[in-house]
Structures are given as structure tokens and as C-alpha cells.
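Hi,

Here is the structure I promised to pass on. Have a look at it first, and my notes follow underneath.

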Amino acid sequence: DVVLTGRICADLDGELVKNQDKIAPIVSILTSLGMLRYRDGTVLDALCGWVAAHHELCKPTQLGSVLLSLATLNYEPICMDTLKTKLVANVSENDFARSSDWLNTVWSLTILNCAKAEQLSSVLNGDFYHRLQEERRGAMQPSMKMKFLNMAAAAAQVEGATETLLATHQRELFVPFEATKEKRVLITGMLDALKSLIPSESMVKISQSTKMGFTIDAECVLDKKCLPLPVDKEHPQGTRIAILVHDYHDMCQGPHPTLNGIQALNMRLLRERGYTVLSIPYNEFSTSDKLLKRVEYLQSKFKSIVTTSSKQQQQQHPQESKS
């Protein structure tokens, strides 16, 4: 209940002032907000500010819980620098009894874009993977495999990070990621509109596995006039667009609704690989709308992307644009 959660959050300030030495309830509230995907910046800043001010009370597992909630909510509090220097900088795998907790902590830092090379290297190897397998008695959840793939992709952009896991465990890690029934309906509605704009199958890729822990719902390449180009070829002057459909479960709720941390990371990883990412959120795109309206929505998004891309290319290569 978003309304009830909002009322509870409104009463927090007074309680935080009274609390001088009890970190457990603070971490518990942050964990609950993460599980509910309830994103209120003011509340998160207040709670994390308390943790930062009382950092000597924070155990490594509690820090892991705080980071996981912030990552889930795709939120960096104003005290993040203090959390990094006082807590994150000193934490290591040896501080965690369970390998799964260290996996979640490094993955959370990856989403928050502050994972260090040594932290990523500590999980992206066969030895850590086998320890986790033993701990899980061989039952590795798909979500854990997704986290390994996310971090392996992110490590490529972190200087000094060593990733040796995919070379030996690639087949085990690549599991199919099935969309929910509700999301499949949204994706189908988007594809119907896309096919009206780009009818040729050679111009569009659908449901592409990225090997980064998620799937691109649709991919196309557009020229400066917003016309499609063959998607399987390289086009230096074209704009390669990855389309991701986002439903209710991909979003945070509350006064500051936005994509959750997993989806934000997916978009970042795609941008790092040269894609322009088009997010289609459920609150802007409805399958109950007529096809024409959905087509017009996509068309306007494409035009905006191509215009921005053309301007960027002109700024990067001013001489070419004049000739």
C-alpha cells in the first residue's frame, strides 16, 4: 500500500532523532523499502544519513543490506561518499559468512556504479563460483546467474578488473530469461507498432540475448532521415537503438518513481556498448491504445533520438557535417 507506506515514512524524522544507538531497525526499514520498491529520496537520505553518522555500529552484513536496497531503488543518497569512505572501502569477502551475501554486495556496488576492480575480480572467477555452488548445494538460482553476467559485463569498463568466469562457465551461466505474462503483452503491443513502422524483417531484431544477463526486446538502426537500415550490418553514421519495454515490476513506486536498479544497470551496460536505449514504460505505452497511437508514440521517440544523435555527430565531426 503506497499510501500507508508514505504515512509511515512521514513519521520517521521524529523517531530518527530519538534513536542514538540502534542500527537494526534502521537497516530493517531500508530493507523493507527495497523489497516494496518504494523510492522516497527524503526518507532514504535521512535513513542513510543516520547510518553514515553512526558508521561504527554498522556490521558488514548490515552494510550489504543497505547497499542492496539502494541498488534495488536505483538511489544514491547525499551521504554516499561518507558511506564509501567509512564503510565500503573497508569491507571484503572475508567479512561475510555466506558467499551469496558477498555476491549481492558486489552486485549492488555494480548497480551503484562504484564497484572497485578488486571487488569485481573477487567474484568473477571459478573458485568463488564453486564456493557459491557448494553453499547452495548445486542449486544456483537464475537471479544469481544474472548477477554474474551483469558484473562480468560491467567489469569490462573497470580498469584492473579481472574476469575469468565466462571462459569456463559460459554454458552454465546463460539461462533463458522469460518475461512475465503481463510484460509479454506489452512487448507484443510494442512489436505490433514497430512492424507498422519497419515492416522488413531484415531491419529489426527481436528478443536478442545480450549475454549480459538480460534480453533486448527489439533492436533497429536508423539513418539521419529516420529510415531503417539493415540491422545485421555496421552503419557508422546510423543510430543503433535498443528498445526495452518496462512494466510495473521494473519500476520503483512512491513520490520519486523511476526504473529500478536492475533496469537502470541494463540500460547503462547497453550504452557502454554503443547503443542508444529507448525505454518504453508501461505508464506511457498501453496496449489498450489504438495501434495508430502506439505507432505515433514510437515514431516521435525515434525522431527525437535521431535528432539528438545527428547533433552529437555534428559536434564530434564538425568538418564532415559541413562537407
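Keep in mind that this is a predicted model.

I'll start with a pairing you can find quickly: Ala218 has Ile243 in β4 as its bridge partner. That pair belongs to a longer match, as strand β2 (residues 215–222) and β4 run antiparallel and are joined by five bridges. Strand β5 (residues 276–281) also pairs with β4, this time parallel, through six bridges. There, Ala242 is partnered with Val277 in β5. To get from β4 to β5, the chain goes through helix α13 (residues 261–272), making a right-handed β-α-β crossover.

So how many of the eight residues of β4 (residues 239–246) are buried? Eight of the eight are, so the strand is largely enclosed by the rest of the structure. Both of its faces are covered: one side has Thr239, Ile241, Ile243 and Val245, and the other has Arg240, Ala242, Leu244 and His246, all of them buried.

Now the domains. The domain assignment splits the protein into domain 1 (1–91), domain 2 (95–175) and domain 3 (181–312). The centres of domain 2 and domain 3, taken over C-alpha atoms, are 28 Å apart, and their contact involves 13 residues from domain 2 and twelve from domain 3. About 1,100 Å² is buried between these two, with carbon and sulfur atoms giving 61% of that area. On the domain 2 side, Ile111, Asn150 and Ala153 lose the most area to domain 3, together 38% of what that side buries. As for salt bridges between domain 2 and domain 3, the count is zero.

Cheers

Notes. Residues are numbered from 1 along each chain as its sequence is written. This is a predicted model: local features need pLDDT of at least 70, side-chain atom pairs count only at pLDDT 80 or more; totals for chains, interfaces and linings use all residues. Side-chain values use heavy atoms; hydrogens and water are left out. Buried means under 20% relative accessible area, exposed over 50%, partly exposed in between (1.4 Å probe, protein chains only). Helices (H or I, at least four residues) and strands (E, at least two) are DSSP runs, numbered from the N terminus. Two strands pair if DSSP finds at least two bridges between them. A crossover is right-handed if, with the strands pointing away from the viewer, the path from the first strand over the helix to the second runs clockwise. Domain bounds come from an automatic or database domain assignment. Contact means heavy atoms within 4.5 Å. Buried area is the accessible area (1.4 Å probe) that two parts lose on being put together, summed over both. A salt bridge is a side-chain nitrogen of Lys or Arg within 4 Å of a carboxyl oxygen of Asp or Glu.
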